[in-house]
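Good morning, colleagues. I would like to take a few minutes to go through the pockets of one structure, and then turn to some of its buried residues.

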Amino acid sequence: MKIDILTLFPNMYEGFKTESIIKRALASNLVEINIHNIRDYSKDPHNKTDDYGFGGGKGMVMMPQPVFDAIESLKTEDTVVIMMTPQGDTYKQSMAYEFSLKKHIIILCGHYEGFDERISSIVDYEISIGDYVLTGGELPSMILTDSIVRLIDGVIEKESHEEETFNNNLLDYPVYTKPVDFRGMKVPEVLLSGHHANIKKWREEKSLEKTKLKRPDLIEKSWFYEN
Ligand code: SAH
């Protein structure tokens with residue numbers, strides 16, 4: 001899988017690419033992540049990428065030419081192009097699964113006042129990471145990339161993401177580590193029993209209980225509701 005990120009602030013990705021699971025995935029060639037400066041595609045004599053919006057109003061608007069040229073030069077027939085925008089569909093784990101099966105993803109990050117509206121015509125998906133406005137698409141693009149890369153075969157153990165929050169629309173079951181007794185708060189007996197069937201049953205019950213309490217909206221979409 002290859003991910004190309006188009007940004008005006010490439011330095012923001014340094015820590016992202018050089019730590020933890022993303023670093024390992026890159027080192028083992030399970031994914032390629034390239035950061036491209038949109039400025040490099042500008043045909044303006046001063047490499048301009050934004051200008052004042054027509055009709056007045058505050059803030060600079062990202063111009064179509066550098067963005068179109070960047071996407072057109074990177075795109076193949078296997079590419080999906082994702083625009084980061086607070087106006088897009090709200091990002092979900094199910095989308096991360098879908099994207100993790102793609103061969104090539106281009107993620108477009110806006111800045112300032114956002115994109116010239118005509119840029120929408122060259123993207124396949126417009127995605128928002130939530131109902132709030134950030135200064136740029138760089139953090140959202142890292143969120144997408146992180147959530148996608150961890151689902152690529154070989155990046156983390158399959159088991160880790162097969163049993164986690166949002167799978168089957170349930171929250172993950174509670175987990176504990178050492179010590180068995182911390183300030184009087186004890187690890188549930190069943191987890192120390194070594195009885196796998198009982199542990200599995202307990203985890204399913206807790207997962208459902210937790211979801212009912214914290215995210216009742218998810219339950220309606222889950223397998224438990226239908227059965
Ligand atoms: N004026 C625009 C917001 C621009 S914010 C509007 O009101 O819709 C600048 C850039 O930050 C956007 O182009 C987008 O790439 C990114 N951004 C901000 N909030 C975001 C969010 N919730 N999800 C995804 N991208 C976001």
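The largest pocket in this predicted model has a volume of about 530 Å³. Its lining comprises 26 residues, and those closest to the centre are Met-84, Thr-85, Pro-86, Gly-114 and Phe-115. Two elements give two or more residues to this lining: strand S5, residues 79-90, and strand S7, residues 125-128. Of the elements, S5 gives the most, with 5 residues. As to the chemical character of the largest pocket, its lining has 11 nonpolar residues, 11 polar residues and 4 charged residues.

I move to the second largest pocket, whose volume is about 380 Å³. Here 16 residues form the lining, and Glu-163, Tyr-173, Arg-203, Glu-204 and Ser-207 lie nearest the centre. Helix H8, which spans residues 196-214, gives the most to this lining, with 5 residues. By class, the lining of the second largest pocket divides into 7 charged, 5 nonpolar and 4 polar residues.

Let me now leave the pockets and consider helix H4. Which residues of helix H4, residues 93-100, are buried? They are Gln-93, Met-95, Ala-96, Phe-99 and Ser-100. Because these residues cover an arc of only 155° around the axis, they lie on the same side of H4. What covers the buried residues of H4 includes strands S5 and S7, strand S6 at 104-108, and helix H5 at 138-149. S5 and S7, then, are elements that we have already met in the lining of the largest pocket.

One residue of H4 deserves a separate word, namely Gln-93. Is Gln-93 buried or exposed? Its relative accessibility is 19%, and the cut-off for buried is under 20%, so Gln-93 counts as buried. With neighbours within four places in sequence left aside, Gln-93 is in contact with Arg-150, Leu-151, Glu-164 and Phe-166.

The last residue on my list is His-161, which is found in helix H6, residues 158-162. The relative accessibility of His-161 is 5%, and therefore His-161 also counts as buried. What does His-161 contact, leaving aside its neighbours within four places in sequence? The partners are Tyr-97, Arg-150, Leu-151, Ile-156 and Asn-167. Arg-150 and Leu-151 thus appear among the contacts of His-161 and also among those of Gln-93.

Thank you for your attention.

Key
Residues numbered from 1 in each chain as written. Predicted model: local features only at pLDDT ≥ 70, side-chain atom pairs only at ≥ 80, totals over all residues. Heavy atoms only, no water. 1 Å grid on protein atoms, 1.4 Å probe; cavity = no way out; pocket = protein on both sides within 12 Å on 5 of 7 lines; lining within 4 Å. Points joined across faces, edges and corners; volume = space filled by probe spheres on them. Helix = DSSP H or I, 4+ residues; strand = E, 2+ residues; numbered from the N terminus. Nonpolar A, V, L, I, M, F, W, Y, C, P; charged D, E, K, R; others polar. Buried < 20%, exposed > 50% of the residue type's maximum accessible area, 1.4 Å probe, protein only. Arc of directions from axis to C-beta. Contact = heavy atoms within 4.5 Å.
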